[in-house]
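Please read the following report alongside the sequence and the coordinates. It starts with a pocket and then turns to a helix, to the cysteines and to some backbone details.

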Amino acid sequence: KYMKVNRILPIINNVKNLKSAPEVAFKGDSYEIGIDISSRLEFPYNVLSNFAQTSFELDGVQINSMEGFLQSLKTHDPEKQKETCKLVGLKAKGMGKKHNKERQKYGHKDLNYLYWQGQKIKRDSKEYQELLKRAYQARYDADDNFRFALEYTKGRVLKHTMGCPEMKKTVLTRDEFTNILTELRDNNKY
């Protein structure tokens, strides 16, 4: 997975600032060619981001960004969920913060339980993981740009270094995110 720097430098010697290249991840004196997903970068990194605008349906609910869908899972109110699913990028993230404050009023300090269409779902359950996978599959099926961007990453490791690694603090850890995208890419034929 990781290659010694001196074995691959000739291949990527055109990269001027190697440590800032989004497709290079360093680990000691070795590194890995990969894709670091971020809405702040250009194609394909931004298209794969949860902040990217998209349009798909899941269980009859219109979703305009994965971030909107993910933040909607924090509220038990199906109507608030539908409204949050329509939001994109930072607006969706901001609504998620409002949902967090609402949760704290009721004594929910972490994200042990989330909700979809009025159903309470344990965060660390197989049911929750299946919901996430269904949502990403629905996006994949409906969004040509997302599908093309994901296909573009074939042969590369997907990373999300700005994502949170702790399950109790986020609705989607960076590993869950990259594992779902990798599985989606590798199991679908474009």
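The largest pocket encloses about 640 Å³ of space, where a pocket is an open set of points on a 1 Å grid over the protein atoms alone, accessible to a 1.4 Å probe and with protein on both sides within 12 Å along at least five of seven lines; the volume is the space filled by probe spheres set on the points, which are joined across faces, edges and corners. The model is a predicted one, in which local features need pLDDT of at least 70 and side-chain atom pairs count only at pLDDT 80 or more, while totals for chains, interfaces and linings use all residues. Residues are numbered from 1 along each chain as its sequence is written, and side-chain values use heavy atoms, with hydrogens and water left out.

The lining of the largest pocket consists of 32 residues, and nearest its centre lie Phe51, Glu67, Gln71, Lys93 and Thr170; a lining residue has an atom within 4 Å of a point. Two or more lining residues come from each of helix 3 (66-72), helix 5 (89-105) and helix 8 (174-187), and helix 5 gives the largest share, five residues. Helices (H or I, at least four residues) and strands (E, at least two) are DSSP runs numbered from the N terminus. By residue class, the lining has ten nonpolar, twelve polar and ten charged members, with Ala, Val, Leu, Ile, Met, Phe, Trp, Tyr, Cys and Pro counted as nonpolar, Asp, Glu, Lys and Arg as charged, and the others, Gly among them, as polar.

Threonine 170 sits in the loop between strand 8 (157-159) and helix 8. Threonine 170 counts as buried because its relative accessibility is 15%, the classes being buried under 20% relative accessible area, exposed over 50% and partly exposed in between (1.4 Å probe, protein chains only). Beyond its neighbours within four places in sequence, threonine 170 is in contact (heavy atoms within 4.5 Å) with Leu111, Arg123 and Cys164.

Helix 8 has 14 residues, which at 1.5 Å a residue should span 20 Å, and its end C-alpha atoms are indeed 20 Å apart; the expected span is 1.5 Å times one less than the number of residues. Its buried residues are Glu176, Phe177, Thr178, Ile180, Leu181, Leu184 and Arg185, and what covers them includes helix 2 (45-48), helix 6 (126-142), helix 7 (144-152) and strand 8.

How many disulfides does a search of the whole structure find? The search finds zero, a disulfide being a pair of cysteine sulfur atoms within 2.5 Å. Cysteine 85 is buried, at a relative accessible area of 0%, whereas cysteine 164 is partly exposed, at 24%.

Asparagine 46 belongs to helix 2 and touches Ser38, Ser39, Leu41 and Ala52, residues up to four places away in sequence not being counted. Asparagine 46 and alanine 149 are 103 residues apart in sequence, with 9.1 Å between their C-alpha atoms.

Most residues other than glycine have a negative phi, and most peptide bonds are trans. Phenylalanine 43 and proline 44 are joined by a cis peptide bond, with omega about 5°, and proline 44 lies in the loop between strand 3 (30-36) and helix 2. Positive phi values occur at aspartate 59 and at glutamine 117.

| Residue | Phi | Loop between |
|---|---|---|
| Aspartate 59 | near 55° | strand 4 (56-58) and strand 5 (61-63) |
| Glutamine 117 | near 50° | strand 6 (113-116) and strand 7 (119-122) |

Aspartate 59 is partly exposed, with a relative accessible area of 36%, and glutamine 117 counts as partly exposed at 36% relative accessibility.
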